[in-house]
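Hi everyone, thanks for coming. I'd like to walk you through one structure today, so have a look at the screen.

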Amino acid sequence: MSSSHLIRSGGVRVVEVPVTEIHSHGSGDISSVKSVVLELTTESGLTGWGEASPWPVFTGTPESNASALADYFIPMIIGRSVFDVEVFMAEAEKHVVHCSEAKAALETALLDIIGKVSGVPIYDLLGGCHRDRMPLSFSIANPDFDTDFTKAERLFEDGLRIFKLKTGFKDHAFDLMRVEKLRDKYGDQLDLRIDYNQGLKAHEALPKLRDFENFRLSFIEQPVRKANLEAMAHFTHTLTTPIMADESVFNPREALIGAQMRVADIFSLKIMKSGGLRRALEVAAIAKAAGIGVYGGCMFETGIAHTAGAHLMAALPELDLGCEFYMSTYYLTEDILSEPFPVKDGFVRVPSGPGLGVDVDRKRLEKYTIHQL
Ligand SMILES: [Mg+2]
């Protein structure tokens with residue numbers, strides 16, 4: 001093994017990037033994207049980028065993930081070979097509980113370097129490219145629906161045909177009104193979904209969910225608290241509209257329990273939940289074996305994490321309902337990638353260069369850094 005493939009150093013930054021509008025969810029509001037950027041460097045001077053994108057109400061805090069990287073994972077891998085990525089992931093899982101976003105960042109940066117060393121994109125390291133583009137979903141989540149409706153019209157012109165409405169942060173009539181208006185204007189040209197982000201109480205959920213049965217939604221996502229698997233299973237069994245589990249299924253173990261209990265018809269895959277791309281593939285393998293669909297989810301991310309997610313989506317044997325990597329293009333006021341994250345005609349295109357196939361603009365990275373470790 002050449003010593004040039006040994007890891008020399010690692011740097012961690014907490015960044016905060018402004019967004020174009022407030023987005024509301026059943027579990028809270030977002031007014032900026034606070035994320036953690038990891039940069040690993042090899043003895044030969046190659047750089048690998050990774051991102052941990054936590055949301056405190058969902059996965060964890062930026063501070064705990066930055067610490068997991070700077071105080072635990074980087075010291076663990078210094079002087080060791082980048083090719084030991086799975087060995088590192090096993091050690092990371094053994095030595096630090098939670099912080100799945102930091103584990104995703106670690107794996108992404110290592111795969112970025114391995115791809116650059118080998119001259120192949122990350123999806124080739126995961127088994128190859130099943131698809132080089134995937135339909136993009138935009139999340140309708142502005143409490144001011146007039147603004148969102150205008151935005152949806154503009155995005156429709158851009159070629160977007162999938163919209164996911166965030167529901168459960170105002171009242172039920174507001175949620176129904178928004179779905180109805182979009183369905184009335186565009187008919188079946190649009191693929192519509194809703195996501196409660198755990199916003200409903202189990203005892204009040206079913207009548208509300210039934211009100212959506214006639215709108216031909218592709219799915220209803222995570223109506224109740226993540227731990228209420230029995231209610232999720234009941235909705236899946238009772239409703240015609242498919243149910244998707246997001247917060248209820250993070251990792252392979254939860255996917256197995258979710259499949260056994262049939263808590264959903266679809267799982268949302270996110271590298272920030274599973275703790276990396278390969279663990280997300282394990283979740284997908286369990287879903288496939290159980291006849292459960294998968295969807296390409298994301299957290300509040302910059303283009304680095306979006307790109308890692310896009311490589312995962314390319315490598316999935318099956319992808320049923322598109323992906324939602326819209327932040328870089330339609331939500332951040334400015335991304336930190338040197339070239340725009342590739343979205344065209346309503347589809348995400350997967351970069352085909354070595355590693356992630358994208359680079360980071362260091363000036364903008366510096367501009368948005370609020371803390372460096
Ligand atoms: Mg969700």
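**Two odd backbone angles and a core**

Let me start with R262. With 17 C-beta neighbours inside 10 Å, this residue counts as partly exposed, because being buried would take 20 or more. Just so nobody is misled, what you're looking at is a predicted model.

Where does R262 sit in the chain? You'll find R262 in the loop between α9, residues 252–261, and β10, residues 266–269. And here's the odd bit: R262 isn't a glycine, yet its phi is positive, about 50°.

There's another residue like that, Q198. Its phi is near 70°, again a positive value in a residue other than glycine. Q198 is in a loop too, the one between β7 (191–195) and α7 (202–210). So is Q198 buried or exposed? Buried: Q198 has 22 other C-beta atoms within 10 Å, and the cut-off for buried is 20 or more.

OK, on to the core. The largest nonpolar core has 121 residues, and the ones touching the most other members are L38, L69, L106, L110 and F267. Which helix gives the most to this core? That's α3, residues 100–118, with nine residues. Domain 1 (3–119 + 362–372) and domain 2 (124–349) both give residues to this core, so it lies between them.

Last stop, L38. Ignore its neighbours within four places in sequence, and L38 is in contact with G10, V12, W49, G50, E51, L69, A105, L106 and A109. Notice L69 and L106 in there: both were in that list of residues touching the most other core members.

Note on methods
Residues are numbered from 1 along each chain as its sequence is written. This is a predicted model: local features need pLDDT of at least 70, side-chain atom pairs count only at pLDDT 80 or more; totals for chains, interfaces and linings use all residues. Helices (H or I, at least four residues) and strands (E, at least two) are DSSP runs, numbered from the N terminus. A residue is buried if 20 or more other C-beta atoms lie within 10 Å of its own, exposed if 12 or fewer, and partly exposed in between; C-beta atoms are placed from the backbone. A nonpolar core is a set of buried Ala, Val, Leu, Ile, Met, Phe, Trp, Tyr and Cys residues joined through C-beta atoms within 7 Å. Domain bounds come from an automatic or database domain assignment. Two residues are in contact if their C-beta atoms, placed from the backbone, lie within 7 Å.
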